[in-house]
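Ready to poke around a protein model? Work through the exercises below with the structure open beside you, and try each task before you read its solution.

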Amino acid sequence: MKKKDMILRAATVLFAEKGYRDTSMAAVAQATGVAQGTIFYHYDTKEKLFLAILRDFKESLIQEFDRHVRDR
């Protein structure tokens with residue numbers, strides 16, 4: 001798995017468990033085992049990381065919906 005994907009998955013779990021406000025980029029770095037600079041290399045801000053999670057979720061939801069409609 002790519003580091004960017006690992007960051008996205010770990011951040012998704014942390015945001016779900018702790019909320020946006022109580023999740024720090026340092027916590028995301030610790031959860032993924034990468035340097036905090038690596039997080040900021042991929043996502044400039046916590047807000048951009050959160051928006052990437054929302055985009056990823058939206059795309060997954062649309063794919064599942066399309067698959068459901070196709071398989072009917």
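**Exercise 1: A helix residue and its surroundings**

Gln30 sits in helix α2, which covers residues 25-32. Keep in mind that the model is a predicted one.

Task: Find out whether Gln30 is buried or exposed, and how far its C-alpha atom is from that of Ala10.

Solution:
- Start with the accessibility. Gln30 has a relative accessibility of 67%. The cut-off for exposed is over 50%, so Gln30 counts as exposed.
- Now go for the distance. Gln30 and Ala10 are 20 residues apart along the chain, and their C-alpha atoms are separated by 9.4 Å.

**Exercise 2: The whole chain**

Task: Work out how many helices and strands the protein chain has, and what pattern they follow along the sequence.

Solution:
- Count the elements: there are 4 helices and 0 strands.
- Read along the sequence, and you get α-α-α-α.
- For a feel of the dimensions, the C-alpha trace spans about 45 × 25 × 20 Å along its principal axes.
- As for burial, 28% of the 72 residues count as buried.

**Exercise 3: A residue in α3**

Task: Decide whether Ile39 is buried or exposed.

Solution:
- Place it first: Ile39 belongs to helix α3, residues 36-42.
- Check the area next. The relative accessible area of Ile39 is 0%, and buried means under 20%, so Ile39 is buried.
- Then look across to Ala26. Ile39 and Ala26 are 13 residues apart in sequence, with 8.8 Å between their C-alpha atoms.

**Exercise 4: Hunting salt bridges**

Task: Say how many salt bridges a search of the whole structure finds, then take a look at the partners.

Solution:
- The search turns up 2 salt bridges.
- One of them pairs Asp44 with Lys48, and the closest N and O atoms are 3.2 Å apart. Asp44 counts as partly exposed because its relative accessibility is 48%. Lys48, at 42%, is partly exposed too.
- Another joins the side chains of Glu64 and Arg67, at 3.0 Å from N to O. Both of these residues lie in helix α4, 3 residues apart, or about one turn of the helix. Glu64 has a relative accessible area of 46%, so Glu64 is partly exposed. Arg67 is partly exposed as well, at 36%.

**Exercise 5: A buried charge**

Task: Lys46 is buried. Which side chain of opposite charge is nearest to Lys46, and how far away is that side chain?

Solution:
- Locate the residue: Lys46 is in helix α4, which runs over residues 46-71.
- Look for a charged partner. The nearest side chain of opposite charge is Asp22, 7.5 Å away. A salt bridge needs the atoms within 4 Å, and Lys46 has no salt bridge.
- Check the backbone instead. A polar atom of the Lys46 side chain lies 2.8 Å from the backbone oxygen of Tyr20. For the backbone oxygen of Thr23, the distance to a polar atom of that side chain is 2.9 Å.

**Exercise 6: A charged patch**

Task: Name the residues that form a positive surface patch, and place Lys2 along the chain.

Solution:
- The patch is made up of Lys2, Lys4, Arg55 and Lys58.
- Lys2 is found in the segment before α1, the helix of residues 3-18.
- With a relative accessibility of 63%, Lys2 counts as exposed.

How values were computed
Residues are numbered from 1 along each chain as its sequence is written. This is a predicted model: local features need pLDDT of at least 70, side-chain atom pairs count only at pLDDT 80 or more; totals for chains, interfaces and linings use all residues. Side-chain values use heavy atoms; hydrogens and water are left out. Patches are made of residues with over 30% relative accessible area and no salt bridge: like charges are joined within 9 Å, nonpolar side chains (Val, Leu, Ile, Met, Phe, Trp, Tyr) within 5 Å. Accessible areas come from the Shrake-Rupley method with a 1.4 Å probe; for residues, only the protein chains shown count as cover. Lys and Arg count as positive and Asp and Glu as negative; His and the chain ends are not counted. The place of a charge is taken as NZ of Lys, CZ of Arg, CG of Asp or CD of Glu. Helices (H or I, at least four residues) and strands (E, at least two) are DSSP runs, numbered from the N terminus. Buried means under 20% relative accessible area, exposed over 50%, partly exposed in between (1.4 Å probe, protein chains only). A polar contact is a pair of N or O atoms within 3.5 Å; within protein, one must be able to donate a hydrogen and the other to accept it, and residues adjacent in sequence count only if both atoms are side-chain atoms.
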